[in-house]
Amino acid sequence: GATVTLHNDDMISTQGSYSDPSIKKTSISDANGEAEFVYDLEAILKIDVKKIVGNDTVKGSNIIRLLKEKTVTKVVEIN
């Protein structure tokens with residue numbers, strides 16, 4: 001039941017900081033803690049995970065590199 005978001009907000013390139021809102025996708029993780037996203041192009045994205053547990057919010061983040069025609073898996077620990 002965690003909210004998982006892939007995005008490129010505030011990523012840095014040789015041209016400076018950039019963001020493309022069309023790339024941003026959000027999903028809710030399943031009972032196994034997994035969320036699945038499909039992208040057509042290669043990209044390097046940020047992963048932000050947030051879950052409300054009682055009165056607390058636990059968060060985690062990581063970076064993922066998506067490869068064309070490949071399944072890529074990344075583990076993000078939340079605390």
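**Group meeting: a six-strand chain**

Of the 79 residues in the protein chain, 22% count as buried. Buried means under 20% relative accessible area, exposed means over 50%, and partly exposed lies in between, with a 1.4 Å probe and protein chains only.

Some ground rules. This is a predicted model, where local features need pLDDT of at least 70, side-chain atom pairs count only at pLDDT 80 or more, and totals for chains, interfaces and linings use all residues. Residues are numbered from 1 along each chain as its sequence is written, and side-chain values use heavy atoms, with hydrogens and water left out.

Confidence next. pLDDT is the predictor's confidence in each residue, from 0 to 100. The protein chain has a mean of 90. In this chain, 89% of residues reach 70 or more. Where is confidence lowest, and where is it highest? The low is strand E3, residues 16–18, at a mean of 60. The high is E4, at 97. Where pLDDT is low, the predicted coordinates should not be read in detail.

Now the elements. The protein chain has zero helices and six strands. From the N terminus the order reads β-β-β-β-β-β. Helices (H or I, at least four residues) and strands (E, at least two) are DSSP runs, numbered from the N terminus.

On to the sheet. Four strands form an open sheet, ordered E4-E1-E5-E6, with antiparallel pairing. E4 and E6 are the edge strands, each pairing on one side only. Neighbouring strands of this sheet are turned by 20 degrees against each other on average, direction ignored. Those axes are lines fitted to C-alpha atoms, for helices over the stretch in contact, and angles run from 0 to 180 degrees between N-to-C directions. Two strands pair if DSSP finds at least two bridges between them.

Look at E1. E1 pairs with E4, residues 25–28, in the antiparallel sense over four bridges. Five bridges join E1 to E5, again antiparallel. Thr-5 shows both sides of E1. In E4, the bridge partner of Thr-5 is Thr-26. In E5, the partner of Thr-5 is Asp-48. Thr-3 has Ile-28 as its bridge partner in E4. Why is E1 largely enclosed? Four of the five residues of E1 are buried, so the rest of the structure largely encloses this strand.

That brings us to the core. The largest nonpolar core has ten residues: Ala-2, Val-4, Leu-6, Ala-43, Leu-45, Ile-47, Val-49, Ile-64, Leu-66 and Val-76. Three strands each supply at least two of them: E1 (3–7), E5 (43–53) and E6 (56–66). E5 gives the most, with four residues. A nonpolar core here is a set of buried Ala, Val, Leu, Ile, Met, Phe, Trp, Tyr and Cys residues joined through side-chain atoms within 4.5 Å. As a general reminder, in a regular strand the side chains alternate between the two faces of the sheet.

Contacts, then. Contact means heavy atoms within 4.5 Å. Ala-43 touches Ile-64, Arg-65 and Leu-66, not counting residues up to four places away in sequence. Chain-wide, take the contacts with a separation of 6 or more: residues 24 or more positions apart account for 38% of them.

Next, Lys-51, in strand E5. Lys-51 has 30% relative accessibility, so this residue counts as partly exposed. Lys-51 and Thr-3 are 48 residues apart in sequence but 6.2 Å apart in space, C-alpha to C-alpha. Leaving out residues up to four places away in sequence, Lys-51 touches Gly-1, Ala-2, Asp-56, Thr-57, Val-58 and Ile-78.

How many salt bridges? One. The rule is a side-chain nitrogen of Lys or Arg within 4 Å of a carboxyl oxygen of Asp or Glu. Lys-24 bridges to Asp-9, with the closest N and O atoms 3.9 Å apart. Lys-24 sits in the loop between E3 and E4, and Asp-9 in the loop between E1 and strand E2 (11–13), so the pair ties together parts that are 15 residues apart in sequence. Lys-24, at 44% relative accessibility, is partly exposed. Asp-9, at 24%, is partly exposed as well.

Last stop, Glu-69. This residue lies in the segment after E6. Glu-69 has a positive phi of about 60 degrees, although it is not a glycine. Most residues other than glycine have a negative phi. Is Glu-69 buried or exposed? Exposed, at 77% relative accessibility.
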